[in-house]
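Got your viewer open? Let's walk through this one stop at a time, selecting residues as we go.

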Amino acid sequence: MNRSSLILPILAILVAVGFSSIFIVDEREKALVLQFGQVKAVKEEPGIGFKIPLIQEVVRYDGRILGLPTQPLEVTPLDDRRLVVDAFARWRIVDLVEFREAVGAGGIEAAQTRLQRIMSPAIREVLGGVPSIRVLSEDRTVLMNQIRDLARRQALALGVDVIDVRLTRTDLPEQNLSATYGRMRAEREREAADEIARGNEAAQRVRAAADRTVVEVTSEARRQAEVIRGEADAQRNSVYAEAFGRDPEFFAFTRSLTSYERALQSGGSSIVMQPDSEFFQYLRSDRAPEGTPRPAAPAAASPDTDGAAAPASGQTEANEAPAAPPAGQDAVPPAPAVQ
C-alpha cells in the first residue's frame, strides 16, 4: 500500500480530533465542561476553550438576565380582601456548578420551575402581611423589594440571583368585582350627597346674608327717612311757632281755615255740633278778627237775563247765624250740612 494514501486519512482524523477538542463560548453564554457527568471546567468568559474529544462534553447556559412570569395566584391581605396577583421576576445564573447540581440536565426550564415554586410562597407571605390598600397604593414598591429579597435568599441555593420582582397586576377576583363596584358606587353617591348638602348649606347662608342685608338697608333707609321727616316736622313747627309768635290771632285764623278744609271735604260731609261752638267762631262773625285784614270786596257780577245779580265769588251763606228753634223742639237744632 502506498504510504501517501495513509497519510491523508490520518491527517483528516487529526484535524477532526483537533476541531472537536476546541469550543467557543459566546459573550452571551456560560459553559461547563463535563466528563461522565462530573464538572471538569467552568468557562464564563467569552473565547476559545478546550476539552478532551469523545470523553468530555460542553454544556452551555444563557448568561444573560432572564425573565420569569409567574402564574396568577390569589392572595388574602390582612383585611380579608382577596386579590389576584401576577408577578414578573428577573434572574440570572451566578454559580454554574451549583446551578448544574441543583437543576441537573433540566437546564433553564427546570430552573424556572424551581423559581416559580419559590416566588409564589414569597408573594403570599409578603402581601398577606399587609392590608390591601398598601398593595394598591404607591407602597407596593417596598413590597416588591421585600418579595425580591425573600426570593433571592432562597434562590441562591439554585446558583441563581433574583435581580428584581415586579407586580404586574393586582385585581379583585371576578366574583368580588360586582360587590366592590357596588361599594364604590355607594361611596361616590354618598360623597355626591355630601357635596350637594354642603352646597345647599352655602346657598342658604348666602340667602340669609342677602335677606339680612335687605333688612338692614331697608331699616337704615326708614331710619334716615324718619330722621329727615322729623327734621322737616321740626322745621315746620319752628316756622309755625315763629308765625304764631308774630301774630297769634292770624295764626289761629289760618289754623281754623285748615280745619274747615279738612273737615268740610266734598262728597256730602256733615258735621253735627252746637251753633255756639268755637269751631264756627270765624263762620259766625261778620267781621274779621282783630288784627286780621279784611278781604277786598268782590267785584259785582254782571246781571243775568232776569235782571238779578248773582252772588259774588267766594261769598258763603254759612256766615249767617242759625235761626232760633221753634217752640216744642229741642234746644240744640242739628247743624246745617255744609258741602
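Before clicking anything, one term: a residue is called exposed when its relative accessible area is over 50%, buried when that value is under 20%, and partly exposed in between. Keep in mind, too, that you're looking at a predicted model.

**Stop 1: the end of helix H6**

Select Arg 246 and Glu 242. Their side chains meet in a salt bridge, 2.8 Å from N to O. Is Arg 246 buried or exposed? Arg 246 has a relative accessibility of 68%, which is over the 50% cut-off, so this residue counts as exposed. Its partner Glu 242 comes in at 46%, so Glu 242 is partly exposed. Both sit in helix H6, and because they are four residues apart, about one helical turn separates them.

While you're thinking about salt bridges, add Glu 187, Arg 190 and Asp 194 to the selection: salt bridges with shared partners tie these three into one network.

**Stop 2: more of helix H6**

Stay with helix H6, which covers residues 174-246, and pick Glu 195 and Arg 198; they are three residues apart, again about one turn of the helix. Show the side chains and you'll find another salt bridge, this time at 2.5 Å from N to O. Arg 198 is partly exposed, at 45% relative accessibility.

Now select Ser 219, also in helix H6. What lies 2.7 Å from a polar atom of its side chain? Turn on the backbone atoms and look for the oxygen of Val 215. With a relative accessible area of 41%, Ser 219 is partly exposed.

**Stop 3: strands E1 and E4**

Jump to Ile 22, Ile 24, Ile 48 and Phe 50, and switch on a surface view. Together these side chains make a nonpolar patch on the surface, with about 440 Å² of accessible area between them. Strand E1 (22-25) and strand E4 (47-50) are the elements that each give two or more residues to the patch. Click on Ile 24, which is found in strand E1. At 57% relative accessible area, Ile 24 passes the 50% cut-off, so this one is exposed.

From here, select Asp 26 and Arg 28. Their side chains form a salt bridge of 2.9 Å, N to O. Arg 28 is partly exposed at 47%, and Asp 26 is partly exposed too, at 24%. How many salt bridges does the structure hold? The count is 17, so don't feel you need to click through every one of them.

**Stop 4: a threonine in a loop**

Find Thr 70 in the loop between strand E6 (66-69) and strand E7 (73-75). Loop or not, Thr 70 has a relative accessibility of 8%, so it counts as buried. Add Ala 87 to the view: the Thr 70 side chain reaches the backbone oxygen of Ala 87 at 2.9 Å.

**Stop 5: the aromatic pair**

The structure holds one aromatic pair. Select Tyr 61 and Phe 99 to see it: the rings are edge-to-face, 5.3 Å from centre to centre, with 85° between their planes. Where in the chain do the two partners come from? Tyr 61 belongs to strand E5 (residues 56-62) and Phe 99 to helix H2 (residues 96-103), so the pair links distant parts of the chain, 38 residues apart. Both Tyr 61 and Phe 99 are buried.

**Stop 6: the core**

Keep Phe 99 selected and add Trp 91, Leu 115, Ile 123, Leu 127 and Ile 147. These are the residues with the most contacts inside the largest nonpolar core, a group of 40 residues. Colour helix H3 (residues 107-127) to finish: this helix gives the most to the core, with nine residues. As background, nonpolar side chains tend to be buried together in soluble globular proteins.

Methods. Residues are numbered from 1 along each chain as its sequence is written. This is a predicted model: local features need pLDDT of at least 70, side-chain atom pairs count only at pLDDT 80 or more; totals for chains, interfaces and linings use all residues. Side-chain values use heavy atoms; hydrogens and water are left out. Patches are made of residues with over 30% relative accessible area and no salt bridge: like charges are joined within 9 Å, nonpolar side chains (Val, Leu, Ile, Met, Phe, Trp, Tyr) within 5 Å. Accessible areas come from the Shrake-Rupley method with a 1.4 Å probe; for residues, only the protein chains shown count as cover. A salt bridge is a side-chain nitrogen of Lys or Arg within 4 Å of a carboxyl oxygen of Asp or Glu. Buried means under 20% relative accessible area, exposed over 50%, partly exposed in between (1.4 Å probe, protein chains only). Rings of Phe, Tyr and Trp (its six-membered ring) pair if their centres lie within 6.5 Å; planes under 30 degrees apart count as stacked, over 60 as edge-to-face and the rest as tilted. A nonpolar core is a set of buried Ala, Val, Leu, Ile, Met, Phe, Trp, Tyr and Cys residues joined through side-chain atoms within 4.5 Å. A polar contact is a pair of N or O atoms within 3.5 Å; within protein, one must be able to donate a hydrogen and the other to accept it, and residues adjacent in sequence count only if both atoms are side-chain atoms.
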